Amino acid sequence: MLKKFIILVVISLSLGFLSSSIGLSFNQSMAIAIFSVSVLGTLFFWDFRLGFVFLGTSILLMTRTINIENVIKFASLDVILFLVGMMILVGLMKEAGFFAWIVQLILRIRNMTAVKFVVIISVISALLSTMTSEVVSIIFMVAAVLEICDYFEVDPVPYITISILATNIGSAATVLGNPIGILIATKAGLTFEDFIIKAFPLAMVCLLAAIILLIIWYRKTNMQLDKHIKELGANEMLIRLISVPPDKELKISLAIFGATLFFIALHHRLELLWDLEPNTLLLMMPLFASGCVMIWKWKRAREYVEKDVEWWTLLFFMFLFAQAGTLKYTGATDVLAQKLATLAGNSLPVLIGIVLWVSAIGSSILDNVVLVAAFIPVIQSFQSMNLDLQPLWWALLFGGCLGGNITLVGSTANIVALGILEKERNIRMTFFRWFRVGLAVGVLTTTIAWIALLVFPFYR
Amino acid sequence: MKVVEIMSKEVKSLSPDMTAREAFDIISGMEISGLPVIDKDGKLVGMFTEKDVLSHILPSYIEKVGRFVYEQNPKSTKKKITELGNIKVSQIMRKEVLKVNEDTTLCEVGRIMLTEKARRIPVVNKDGVVVGIVARCDILKAMAKESEI
Amino acid sequence: MLKKVFLLILISLSAGFFSLRLGLNPHQATSIVIFCVSVLGTLFFWSFRLTFAFLGTSILLITQTIDVDNLIKSSSLEVILFLVGMMVIVGFLKDAGFFAWLVSLILRIKNLTAEKFLIYISVISALLACAVDEVTAIIFIIAAILEICDYFEVNPVPFLIISVLATNIGSSGTVLGNPIGIIIATKSGLTFEDFIIKAFPIMLVCLLVTIGILNVWFRKSLKELDERMKEFGANEILIKLISVPPEKELKIGLAIFGATLFFISLHHRLEILWDLKPNTILLVLPLISSGGIMAWKWKKARKFIEQDVDWWTLLFFLLLFAQAGTLKFTGATDVFAQKISLLIRDNTVVLTGFVLWVSAIGSSILDNVVLVAAFIPVIQSLQELGYNLQALWWALLFGGCLGGNITMIGSTANIVALGILEKERDVKIEFLRWLKIGAVVGIVTTMIVWLALSIFPFYK
C-alpha cells in the first residue's frame with residue numbers, strides 16, 4: 001500500500017514539474033499535480049478516494065490556486081442536485097418493484113433461443129442504462145442473466161459480458177443514463193433532444209454492431225445454450241421464479257417516472273415556450289418529481305434521501321468537478337488545448353479523432369466520470385480557438401462511454417457486475433479474457449462513432 | 001453485575017475447518033442462532049450464525065434490489081445449500097467478531113447488543129481466549145432478577 | 001393535516017398578494033410566497049420540510065424567479081461543506097468515546113451541591129454548544145442529567161430546562177457551535193477572532209445572569225436536590241456508572257479536534273499571513289481534518305459520511321439558503337429594507353434594536369437557522385442602503401440564538417431534549433410552563449445584548 005502511495009506522489013509531482021518546465025505557471029502546475037493525485041487516487045485507492053479529494057481541494061484553496069467562490073461554481077451543484085433527484089426516484093422505483101418486474105419480464109420470454117437471449121439482454125441492458133444509473137441497471141440484469149443461465153445450465157460469463165458491454169454502450173444514448181450525460185449536457189449546453197436526435201441513433205448502431213459481433217464471438221456458448229433449451233424444455237420454473245405483480249404502487253411509480261421522463265424529453269421545447277434559460281427544466285424536473293415522491297411516500301422520504309442517494313459518490317463528484325474546474329480556471333487546460341490544437345494542425349476532424357480516441361483509452365483505465373471531468377475543461381478551452389465544439393462534445397461522450405468497455409476496470413458497471421459474478425459463482429474474470437472481447441467491441445464501436453462524427457455534418 | 005457471572009461457560013464452539021453443513025446442523029440442532037468459531041489455539045476467529053448462512057445462500061445483490069419477490073428458491077440457492085457440505089466454516093463466518101471482556105457490565109453488554117444488533121456475544125478473558133458466551137435472553141433474565149431484589 | 005395545508009397556502013398567498021399591493025413586482029412576490037411556504041412548512045410540517053424545499057425551489061426555477069447559476073450561488077455550498085466536515089469530525093469523536101468521556105467527567109464531580117450542579121451543567125452545556133452542534137451537545141448533557149437526577153431521585157425537568165437554556169445561549173459564543181455562527185460569519189465576513197472578542201464575552205455575561213436567574217427561579221428544586229444529596233451521600237455509584245478510559249483512540253481524537261479548533265481560532269491571522277481571502281481557512285479546516293480522519297479510519301469513512309452527516313437537514317439548509325438568496329436576488333428584501341429605512345432614518349440604535357428583537361421573537365417561533373436565513377438578505381439589503389453596521393450582524397446572531405429560549409419549540413435543542421424527556425420519563429412539558437421561564441431568560445438576556453450593542457461603540 002505504501003508503495004502505491006509513493007508511486008502516486010512521484011507521478012503527480014513529476015507531472016507538476018513537467019508542467020512547470022514546459023512553461024506553465026505555478027498555479028497551473030499545482031492544479032495539474034493535485035488533479036493527478038485525485039485521478040491516480042481513484043486508480044490506486046478507490047476506497048479512499050473521498051479523503052484524497054477533500055485534502056487535495058484543501059491544498060488548492062490554501063495555495064491560492066483557486067478561491068472558495070470558484071470552487072463552488074465549478075462543483076456543479078446543479079448536476080449534483082439533478083443526480084440527487086434521480087436517485088430518489090430510482091429508490092422509489094426499486095421499492096415499488098419496477099426493476100424486479102423487468103427481470104420477471106425477461107424470465108418469462110417464451111420460445112427462448114440463444115440469439116433471442118443475446119438480443120433481448122443487450123437491448124434491455126442498453127435501454128435500462130439510458131434511463132437510470134449503470135450500477136442500478138447492471139445489478140438487475142446480472143440477476144436475470146444468472147437465473148436464466150442457472151436454469152439452462154450454461155456458463156453465464158458470456159452473457160454477463162454481453163450485458164455489461166451493452167450497458168456501457170447504452171449509457172451514451174441519453175442525458176439520463178450516466179452522470180456523464182448530464183455533465184456534458186450542462187457544460188456543453190446540449191439538450192435532451194440533441195441527445196435523442198444525435199446520440200441515441202449512433203448508440204443504437206453501435207449496439208447493433210456489437211450484438212452481431214458478440215453473437216459470432218460467443219457462437220459456441222450460444223450453440224450450447226440452444227441445445228440445453230431443447231433438452232430442458234420450456235422455462236416454466238423460471239417463469240414462476242420472481243413474481244412482482246404490477247400493483248397500484250408499481251403503477252403509480254411508473255406513472256411518476258414516466259411523467260418525469262416525458263417532461264425531461266420536452267424540456268427544450270418548454271424552455272423555449274416559457275422563455276427559460278437552457279436546461280433549467282432539465283435540471284429542475286428530478287427535483288420536482290422527487291419532491292412529489294417525498295409527499296406521497298412521506299414516511300419513507302427520509303430513508304430515500306439517506307440511503308438511496310449515494311452521498312459518498314456525490315461528494316466525490318463535487319470535489320472532482322471543482323478540481324477539474326480549477327484546471328480551467330488557472331488556464332492549465334488552455335495551454336494544453338493550444339498544444340493539442342497545434343498538434344492537430346487546427347483541423348477539426350483530426351481533433352475529433354484525438355478527443356474520441358484519447359477519451360476512449362483514458363476511460364478504459366479510469367472511471368468514466370473521472371475521465372470526462374478531466375476532459376471537459378480542455379474542450380471548454382478550445383472555445384477560444386473558434387472551433388465548432390459540438391462534435392468534440394459527442395466525441396467525449398462516446399469515447400468516455402464506449403471506452404469503458406475495453407478493460408474490466410473501465411467502468412463502474414464492469415466492476416460491480418464482475419464483483420457479483422465472483423461472489424455468486426466464484427468465477428474470476430481475468431484481465432486478458434475480458435480485454436480480448438472488450439477491445440474488439442470497444443474498437444469497433446469507437447470506430448463507428450468516429451466515422452459518424454467525421455462523415456455526417458449533422459454532428460456539427 | 002459483570003457478564004462473567006451470568007454467561008454460559010460451556011461454550012460449544014465451531015472449528016474453522018469444519019464444513020458449513022456440519023456447523024449448520026449443530027446450531028440448528030441446538031436451536032440457537034449462532035456459535036463462535038475458535039481455532040486450534042483457542043483464539044476467537046469468527047462467528048457463525050444463521051444470518052451468515054442465509055446471507056451466503058441467497059444471491060449477494062439481494063440487499064440492494066428493493067422489492068424482489070421470489071416465488072421459488074433460485075437454482076443457485078438450492079445449489080449452495082447442497083454445497084454447504086463442501087465449504088468450510090471459515091468461508092462463511094463473519095470475521096469481525098463482537099466480543100466483550102469478562103468484567104463488562106450487564107448494561108454495557110445490553111447496549112452493545114442493541115447498537116450492533118447482536119444476539120449472542122462471546123466473552124473473552126484478558127488473553128483473548130473465549131471463556132463463555134452470553135445471549136440476549138441471559139442479559140434480560142439477569143437484569144430482571146437484579147431488579148427484583 | 002389538511003387544515004394545516006390550507007392554512008399554509010392561505011398565509012403564503014396572502015403574503016404574496018400583500019407584497020403585490022405594496023408595489024413589489026411578480027418575481028419578488030413569488031419569491032416571498034415560496035419562502036413563506038418553506039418557513040411555514042417548517043412550522044406546520046417539520047417532518048416534511050425537505051419536500052417543501054424541493055418543490056418550492058422547483059417552482060422558483062420554473063417561474064423564472066431565479067436562474068440556476070444564481071440559485072447555486074445563493075445556496076452557500078461552502079457552509080454546507082463546512083458542516084459536512086464538522087459532522088464527520090463529530091461522528092469520529094462519538095465513536096472514539098469523547099462525549100461519553102465528558103459525561104463521565106460530569107458524573108464524577110465530588111462534593112456535589114445543588115448550586116455546583118447548576119453551574120456545572122450550565123457552563124458545560126454552553127461550552128459544548130460553542131464547540132459542536134447543539135443537537136449532539138444536548139443529547140450527551142441530557143444523558144448526564146437524567147442519570148444524576150435518577151440517582152438523587154429528583155425531578156429532572158428543571159435541570160433539563162437549565163441545560164437547554166444554557167445551550168442556546170452558548171451557541172452564540174463562537175462561529176462553530178450552531179450553523180448560525182458559520183452562516184453569519186460567511187455572509188458578514190466576520191472572523192473567529194471577531195466572535196471570540198465580541199460575541200463570547202456577551203455570551204458569558206448572559207450565561208452568568210441566567211445562572212443567577214435560574215438559581216432563584218428553581219430554588220425549590222435546588223433545595224430538594226441539596227437535601228437528597230445529603231441523604232444519599234457521595235455519588236459513588238454515579239462515578240462508576242459510565243466509564244470511558246481515555247485510551248489511545250480517544251486521545252488522538254482529542255488531539256485532532258484540538259488541533260482543528262486551534263487552527264480555526266487562528267484562521268484570520270493565517271489568512272493575513274498567507275494572503276488568502278477572508279474565511280478561506282475557516283471553511284477549509286474541517287475539510288482537512290475530516291479528510292485526514294477519513295484516510296486514517298478508512299474502513300469507517302463511508303459510515304461517517306453516510307450516517308453521521310445529516311444529509312436530510314443539510315439538503316434542507318441548502319435549498320432554504322437558496323430560497324432566501326432569491327429574496328435578495330429579486331430585490332424583495334431591498335424593498336423591505338427601503339421601507340425600514342424610511343421608518344428609522346438615521347437612528348441606528350433603533351435599527352439594531354429592531355433586528356435584535358424581531359429576530360429574537362421570530363426565533364422563538366421558527367427554527368433558529370430558518371430565521372437567520374430569512375434575515376440575512378434583509379441585512380445585506382440594509383447594508384447596501386448605507387447601514388453598514390457590524391452591530392446588525394451581532395443583533396441577528398444573539399437574537400437568533402437567545403430567542404430560541406423563549407418557547408419550547410424555539411430551537412432544535414429544545415425539541416430534541418423535550419423529545420428525550422418524553423420518551424424516557426413520560427413527562428410532557430406544557431407550552432406555558434416553558435414560556436414562563438423561557439420568556440424571562442430570553443427577555444433578560446436579549447436586553448443585556450441590546451444594552452451592550454447600543455452602548456459600546458466597540459460593536460459598530
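These legends go with several views of a predicted model. Local features are reported here only at pLDDT of at least 70 and side-chain atom pairs only at pLDDT 80 or more, while totals for chains, interfaces and linings use all residues. Residues are numbered from 1 along each chain as its sequence is written, with chains lettered from A and ligands numbered from 1 in the order in which they are written.

**View 1. Chain A as a whole is a helical affair, with 24 helices and zero strands.** Helices here are DSSP runs of H or I with at least four residues, strands are E runs of at least two, and both are numbered from the N terminus. Chain A has a radius of gyration of 22 Å, close to the 23 Å from the globule rule for 460 residues, so it is as compact as a globular protein of that length. (That radius is taken over C-alpha atoms, and the rule is 2.2 Å times the number of residues to the power 0.38.) The C-alpha trace spans about 70 × 50 × 50 Å along its principal axes. Of the 460 residues in chain A, 58% are buried, meaning that 20 or more other C-beta atoms, placed from the backbone, lie within 10 Å of the residue's own.

**View 2. Val90(A) sits in helix α5 (residues 77-96) of chain A.** Val90(A) counts as buried because it has 25 C-beta neighbours inside 10 Å. Setting aside neighbours within four places in sequence, its contacts are Thr132(A), Ser133(A), Val136(A) and Asp308(A); a contact puts two C-beta atoms, placed from the backbone, within 7 Å. Ser253(A) is 163 residues away from Val90(A) along the chain, yet their C-alpha atoms are 9.6 Å apart.

**View 3. Where chain A meets chain C, 37 residues from chain A and 37 from chain C make the contact.** On the chain A side, α3 (49-62), α4 (68-74), α5, α16 (280-296), α17 (301-308) and α18 (311-330) each chip in at least two residues. The top contributor to that side is α16(A), with nine residues. By class, this side of chain A has 24 nonpolar, seven polar and six charged residues. Nonpolar covers Ala, Val, Leu, Ile, Met, Phe, Trp, Tyr, Cys and Pro, charged covers Asp, Glu, Lys and Arg, and the others, Gly among them, are polar.

**View 4. Chain B mixes six helices with five strands.** Reading from the N terminus, its elements go α-β-β-α-α-α-β-α-β-β-α. The C-alpha trace of chain B spans about 55 × 40 × 25 Å along its principal axes. Buried residues account for 26% of its 149 residues.

Definitions and conventions: A residue is buried if 20 or more other C-beta atoms lie within 10 Å of its own, exposed if 12 or fewer, and partly exposed in between; C-beta atoms are placed from the backbone.
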